[in-house]
Structures are given as structure tokens and as C-alpha cells.
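Q: I'd like a close look at one spot in this model, starting with its immediate neighbours. Please then set that spot in the wider picture.

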Amino acid sequence: MTRDLHAARDLAARLAVRAGRLQLERRDTLVMGAPKAHANDVVSDVDIASERLIVDAIVATWPGDEIQAEEGNGRPGASGWSWVIDPLDGTRNYVSRTGPWSVCVALYHGDQPRMAVVHDPAADETFTAVDGGGAFLNGEPIAASSGPPLGEALIGVSFQPNPRTKERAGRVVRELLPLSGDIRRVPAALNLVYLAAGRLDGGLALDTKLWDIAAGALIAREAGVVLGGHGADYSTELTIGAAPALWDSFAERVRAVA
């Protein structure tokens with residue numbers, strides 16, 4: 001089955017912007033739900049409303065598609081196309097007002113990502129990509145950084161805040177902080193699109209879910225970021241990204257401790 005990926009991108013971008021607007025409007029009145037997997041895995045009624053907004057519109061347009069969504073609105077499909085949705089990546093930042101968050105929508109055909117949108121509501125920035133078509137920020141092309149030496153590089157770190165992963169992330173930070181220019185902790189999707197825009201030179205994400213990285217990874221790849229994990233392919237357990245000139249030295253250090 002063919003699919004107009006540009007039409008899918010345009011719809012996903014409109015929905016992400018609508019969800020982001022909802023998140024800004026309802027931030028002062030949000031209601032927290034019970035933690036999910038652990039005490040730091042928080043969710044609000046705004047996460048759920050944002051997901052419903054996106055899923056309802058996609059199902060109305062492509063009712064045969066599979067939906068993989070963080071907050072429980074997933075559904076099977078038979079078309080071969082699958083939408084991977086994180087309605088609010090960075091809920092802890094959103095709730096506590098301590099940092100950025102994003103709305104993430106990716107479209108897969110089989111196991112291949114074909115279209116991606118990551119929208120930052122607070123900054124009004126929308127990152128997009130279609131497979132083979134490059135990466136864009138608010139409609140303008142973006143590209144990975146030139147890749148300074150590791151000692152000058154700005155590195156993004158993302159991880160799930162459960163006890164086991166925090167211990168693992170601590171080992172990585174202890175290794176990288178003395179060797180790099182500096183480190184920033186950001187949600188996984190923004191980590192990847194900041195790599196795509198050349199704002200970060202290298203980045204890694206530990207123990208994520210597919211919806212955390214699906215959209216950002218395609219945008220990063222289309223911008224020329226090198227991606228991998230323990231091997232050539234990135235995974236939810238370990239995603240590494242870097243500008244091409246930085247890849248070898250950075251990936252070697254991360255793999256040694258991650």
C-alpha cells in the first residue's frame with residue numbers, strides 16, 4: 001500500500017502543534033495521575049488528552065493503521081503502517097517547569113521509519129523528516145554539527161529515571177564529563193533533534209521506549225547524524241548519536257561504559 005508521506009507529515013505536524021497548544025493552555029490546571037512503572041514515571045491528564053487528540057485524528061484518516069501510543073490508546077492494524085506516538089515526552093519537565101518537552105509522532109512501514117515530527121511547544125519549533133528527504137526545522141533544512149573534538153563537544157544525555165538506569169547513567173556521565181566540553185540532560189526526542197540541528201555534537205539515550213526515540217531518530221538520521229548502539233543499530237536499550245567527525249571517539253567511550 002502506498003502512502004503520501006508528505007500529507008502524513010503535514011497532518012502529524014498540525015496535530016503535534018494542536019497538542020502542544022493544549023499543553024500550554026492546560027498547564028496551570030493539570031491533574032496528576034498515579035505513577036506508572038516507578039515513582040519518577042509520572043503522567044497527567046494532559047498527557048492523556050494530548051494522545052487522544054492525536055490518535056482520534058489519525059484513526060479517522062487511516063482507520064486500518066496500527067497505533068503504538070504511550071498512554072494506552074494503541075490499537076492493532078492490518079495496513080502494514082504503524083504510528084508511534086509520545087504525546088508528551090518530558091512530562092517531569094512539563095509538570096515541574098524545569099525544562100523542555102515535546103510532542104512526538106512517527107510513521108513506520110513495517111519496521112522502517114518513514115516520517116517523523118517532533119514539536120517543542122514552548123519554543124514553537126517543529127522538527128520534521130520524511131525518509132530520504134532531509135530534516136527540517138520550521139520548514140528550513142537542518143544538518144548535524146561539524147563535530148568538534150570530544151574535549152570541546154556538547155553532549156546530550158537522556159535516560160529513564162528508574163534506579164537501575166540512573167546507576168547506569170551515572171557511570172556514563174562519570175566517564176564523559178571530564179572528557180567532553182560539557183553535558184546536558186534533555187528528554188530523548190529533543191536530544192536527537194538537537195543533534196539534527198547541530199545544537200549538540202553527540203548524544204545518548206538509555207533504556208527508552210520506542211515512542212521516546214522513533215521520531216527523533218529519523219530526523220537525526222536525515223540530518224546526517226550517525227546513529228548506533230552496541231552495534232550498528234540503535235535500540236531502546238542504547239541509542240548513540242554523533243556528528244560524523246565525532247562518531248568514532250564518542251561511540252567508543254559510550255560503548256565502553258554503557
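A: Leaving aside neighbours within four places in sequence, Asn73 is in contact (heavy atoms within 4.5 Å) with Ile48, Glu51, Arg52, Val55 and Ile67. Please keep in mind that this is a predicted model, in which local features need pLDDT of at least 70 and side-chain atom pairs count only at pLDDT 80 or more, while totals for chains, interfaces and linings use all residues. Residues are numbered from 1 along each chain as its sequence is written, and side-chain values use heavy atoms, with hydrogens and water left out.

Asn73 sits in the loop that links strand S1 (66-69) to strand S2 (81-89); helices (H or I, at least four residues) and strands (E, at least two) are DSSP runs numbered from the N terminus. Its relative accessibility is 16%, so Asn73 counts as buried; the scale is buried under 20% relative accessible area, exposed over 50%, and partly exposed in between, with a 1.4 Å probe and protein chains only. For a sense of distance, the C-alpha atoms of Asn73 and Thr126 are separated by 23 Å, with their positions 53 residues apart along the chain.

Two other loop residues are worth a visit. Most residues other than glycine have a negative phi, and most peptide bonds are trans. Arg97 has a positive phi, near 60°, without being a glycine. It is found between helix H3 (91-96) and strand S3 (102-109), and with a relative accessible area of 47% Arg97 is partly exposed. Asp207 is likewise a non-glycine with a positive phi, of about 55°. Its loop runs between strand S10 (202-206) and helix H6 (210-222), and at 14% relative accessibility Asp207 counts as buried.

Let's go back to the helix that supplies several of the neighbours of Asn73: Ile48, Glu51, Arg52 and Val55 have numbers within the range of helix H2 (residues 45-61). H2 packs against helix H1 (residues 5-25) at an angle of about 155°, the axes being 9 Å apart. That makes H1 roughly antiparallel to H2. Here, axes are lines fitted to C-alpha atoms, for helices over the stretch in contact, and angles run from 0 to 180 degrees between N-to-C directions. Angles under 35 degrees count as roughly parallel, over 145 as roughly antiparallel, 65 to 115 as roughly perpendicular and the rest as oblique. The crossing of H1 past H2 is right-handed, a term for the near helix being turned clockwise from the far one by less than a right angle, with anticlockwise giving left-handed. On the H1 side, the contact is made by Leu11, Leu15, Arg18, Ala19, Leu22 and Gln23. H2 answers with Val46, Ala49, Ser50, Leu53, Ile54, Ala57, Ile58 and Thr61. By class, that contact has 10 nonpolar, 3 polar and 1 charged residues, where Ala, Val, Leu, Ile, Met, Phe, Trp, Tyr, Cys and Pro count as nonpolar, Asp, Glu, Lys and Arg as charged, and the others, Gly among them, as polar.

Further along the chain, the axes of H5 and H6 come within 8 Å and cross at roughly 0°. That makes H5 roughly parallel to H6. Ala188, Ala189, Leu192, Val193 and Ala196 of H5 meet Asp212, Ile213, Gly216, Ala217, Ile219 and Ala220 of H6. This contact divides into 9 nonpolar, 1 polar and 1 charged residues. In helix H5 (residues 188-196), 9 of the 9 residues are buried, so H5 is largely enclosed by the rest of the structure. Just after H5 comes Gly198, with a positive phi of about 80°.

A third pair joins helix H4 (residues 163-176) to helix H7 (residues 247-257), packing at about 140° with axes 9 Å apart. H4 and H7 are therefore oblique to each other, and their crossing is right-handed. Arg171, Val172, Glu175 and Leu176 in H4 meet Phe250, Arg253, Val254 and Val257 in H7. There the tally is 5 nonpolar, no polar and 3 charged residues.

Finally, the whole fold: the protein has 7 helices and 12 strands. Its radius of gyration is 17 Å, close to the 18 Å that the globule rule gives for 258 residues, so the protein is as compact as a globular protein of that length; the radius is taken over C-alpha atoms, and the rule is 2.2 Å times the number of residues to the power 0.38. Buried residues, Asn73 being one of them, make up 55% of the 258 residues.
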